[in-house]
Amino acid sequence: MSLTLYNTLTRRKEPFEPIDPANVRMYVCGPTVYDYAHIGNARPVIVFDVLYRLLRHIYGPEHVTYVRNITDVDDKINARAGQDYPNLPLNEAIRRVTSATEKQFHDDIAALGVLPPSVEPRATEHIEEMKTLCEALVARGHAYVAQGHVLFDVSSMPDYGKLSNRSLEEMEAGARVEVAPYKKGPMDFVLWKPSKPGEPAWPSPAGIAEPGRPGWHIECSAMSEKHLGPVFDIHGGGIDLVFPHHENEIAQSRCAHGLPVMANVWMHNGFLQVEGEKMSKSLGNFITINELLATKKFGANQWHGRVVRLAMLGTHYRQPIDWTAERLLQARATLLDFADLLSDIDPASEPNADVIAALSDDLNTPSALSIVYGLAKSAKRNPDTAAELRATLEFIGVYGGETREELNVGIESVSVDADIVDSLVAARLAARRAKDFKESDRIRDELAAMGVALKDAKDPKTGEIVTTWEIAR
Ligand code: AMP
Ligand code: ZN
């Protein structure tokens, strides 16, 4: 099985060759835990979960290490903590904000069928490693201390800008932001900074007496190195992270060790917009994962996590995605069909090989899903195909044996007494035979009010009307 992946660093699809097939290593930038995760944040989580599953399939589950961090040191967290808990000491307020947000994030993504990563490091637990990196960068002449800050000197790295494909001259020319007086060059970025009174603070790297805190980029360099080593296989995140976050991670990690690479393959998911517009609080189209799963705020429906996941995977991960209610309705209809077909079927031992091949071509989920829909057609007649289909859907994480009722989350179910329905159906047929159409229509309306829909068909042999019924939704 050959896996090819698009590499942002080289701007082409390349065969994937792990540094060590016995330990394939992937790092994905995780959430900053200050608020509910929105549906755009769910995209990298789902996309890289599919890649994690594929790597486990190819190399064996015990041969893949997936690290997805929790960013729990950030200005946005401090701001939220002060706002939500004005009467608590800031550090206590921060703990409340981050622990509640982290729990919510875990609950939300578990509902989306996302496997836990091998390691989920927190920034606050890696401060020593961040300080060590800062000191190594200063010692090697790639960073300098100024006014309580440690700053990365971008002029010290000849190929700074390679990932985002920009030259330093271009970036400097375009830098319109007012440059802080302590910076030597306008593109120099913060590795460590002073904390304001009351803010979380740790003893600073050598050369700074006052306590301070790390910048965002150094957090990922420290956490990835701690758990995956200074060079690893795959680094992922959303396309917005290419510059400056990933560019700066590369600068820090490479220059701290004098290495030519940090990660061999850099992967980025495209952006998600909602109903044709950029998601934003002011436009009122900002939608959290939790609102999709637990309220009727989007498309006047509550949506099962599997439905959300299937809807997400209908678009290739590098393409932009337009998140619409229509997309969710279609995904739900598909999953309801799968539930009818598969909820009583045991999965086969292996997923379908063509689906694995499609996913191995740079995670081509639209192609994988069209193969799945083809399988579903023959699965109606062939139990072996049905078993393989179920295994394949479980592999992708879009179906796990849910019933129709479970997938129709939030839609009130009607329960009826089948004996009563049967006798009403018989009474209606009798009325029709007696040409008492007023009575037969009345009975049909009575049944409809109970949530029962009728279907009349002619028996092909006898020519008689046969009525079947089902619960209407
Ligand atoms: P943040 O918490 O803003 O750092 O984002 C966490 C992850 O979600 C990062 O990988 C971002 O690139 C990604 N992300 C944020 N917004 C979107 C969006 N609208 N579409 C796709 N990915 C996004
Ligand atoms: Zn990161």
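## Starting at R432

Welcome to this structure, which is a predicted model. A good place to begin is R432, which, setting aside neighbours within four places in sequence, is in contact with F437, S440, D456 and I465. R432 itself sits in helix α15, the helix that covers residues 418–433. Its relative accessibility is 27%, so R432 counts as partly exposed. One of its partners, I465, is 33 residues away from R432 in sequence, while the C-alpha atoms of the two are 9.7 Å apart in space.

Another partner of R432 is S440, and this serine belongs to helix α16, made of residues 437–449. Is S440 buried or exposed? S440 is buried, because its relative accessible area is 1% and buried means under 20%. Apart from residues up to four places away in sequence, S440 touches R428, A431 and R432.

## The chain as a whole

Let us step back and look at the full protein chain. Its secondary structure comes to 16 helices and 14 strands. The C-alpha trace spans about 100 × 55 × 40 Å along its principal axes.

The chain has 473 residues, and 49% of them count as buried. Which share of its contacts joins residues at least 24 apart in sequence? Among contacts between residues at least 6 apart in sequence, the share is 72%.

## The zinc site

Next comes the zinc ion, which is ligand 2. Which protein atoms act as its donors? They are SG of C29, SG of C220, NE2 of H245 and OE of E249, and they lie 2.0 to 2.4 Å from the ion. Along the chain, these donors follow the spacing C-x190-C-x24-H-x3-E. C220 is part of helix α6 (residues 216–228) and E249 is part of helix α7 (residues 242–257), so this pair ties together parts that are 29 residues apart in sequence.

The angles among the four donor atoms run from 76 to 129°, and the site is irregular. Why is the site not counted as tetrahedral? For four donors, that label asks for all angles to lie between 85 and 135 degrees, and the angles here start at 76°. Two of the donors can also be described by their accessibility: C220 counts as buried because its relative accessibility is 0%, and E249 counts as buried because its relative accessibility is 0%.

## Helix α6 and its surroundings

Helix α6 holds more than a zinc donor. S224 lies in this helix too, and S224 is buried, with a relative accessible area of 1%. If residues up to four places away in sequence are not counted, S224 touches Y27, G229, F232 and M262.

Helix α6 also packs with helix α4, which covers residues 127–139: their axes come within 9 Å and cross at roughly 105°. The two helices are therefore roughly perpendicular to each other. On the α4 side the contact is made by E129, M130, L133, C134 and L137, and on the α6 side by I218, E219, S221, A222, E225 and K226. Sorted by class, this contact has six nonpolar, one polar and four charged residues.

## Helices α1 and α13

A second helix pair is worth a visit. Helix α1 (residues 39–59) and helix α13 (residues 383–396) have axes that come within 9 Å and cross at roughly 120°. How are these two helices oriented to each other? α1 and α13 are oblique, because their crossing angle lies outside the 65 to 115 degrees that count as roughly perpendicular and is not over 145.

From α1, the residues V50, R53, L54 and H57 meet E394, F395 and I396 of α13. By class, the contact between α1 and α13 has four nonpolar, one polar and two charged residues.

## A loop residue, Q147

The last stop is Q147, in the loop between β5 (143–146) and β6 (149–152). Is Q147 buried or exposed? Q147 is exposed, because its relative accessible area is 60% and exposed means over 50%. Leaving out neighbours within four places in sequence, Q147 is in contact with Y182 and P194.

Q147 can also be placed relative to H57, one of the α1 residues that meet α13. Q147 and H57 are 90 residues apart in sequence, and their C-alpha atoms are 51 Å apart in space.

Key: Residues are numbered from 1 along each chain as its sequence is written. Chains are lettered from A and ligands numbered from 1 in the order in which they are written. This is a predicted model: local features need pLDDT of at least 70, side-chain atom pairs count only at pLDDT 80 or more; totals for chains, interfaces and linings use all residues. Side-chain values use heavy atoms; hydrogens and water are left out. Axes are lines fitted to C-alpha atoms, for helices over the stretch in contact, and angles run from 0 to 180 degrees between N-to-C directions. Helices (H or I, at least four residues) and strands (E, at least two) are DSSP runs, numbered from the N terminus. Angles under 35 degrees count as roughly parallel, over 145 as roughly antiparallel, 65 to 115 as roughly perpendicular and the rest as oblique. Contact means heavy atoms within 4.5 Å. Ala, Val, Leu, Ile, Met, Phe, Trp, Tyr, Cys and Pro count as nonpolar, Asp, Glu, Lys and Arg as charged, and the others, Gly among them, as polar. Donors are N, O and S atoms within 2.8 Å of the metal (3.2 Å for Na, K and Ca); water is not among the atoms, so sites may look incomplete. Four donors count as tetrahedral if all angles lie between 85 and 135 degrees; four count as square planar and six as octahedral if opposite donors are over 155 degrees apart and all others between 65 and 115; anything else is irregular. Buried means under 20% relative accessible area, exposed over 50%, partly exposed in between (1.4 Å probe, protein chains only).
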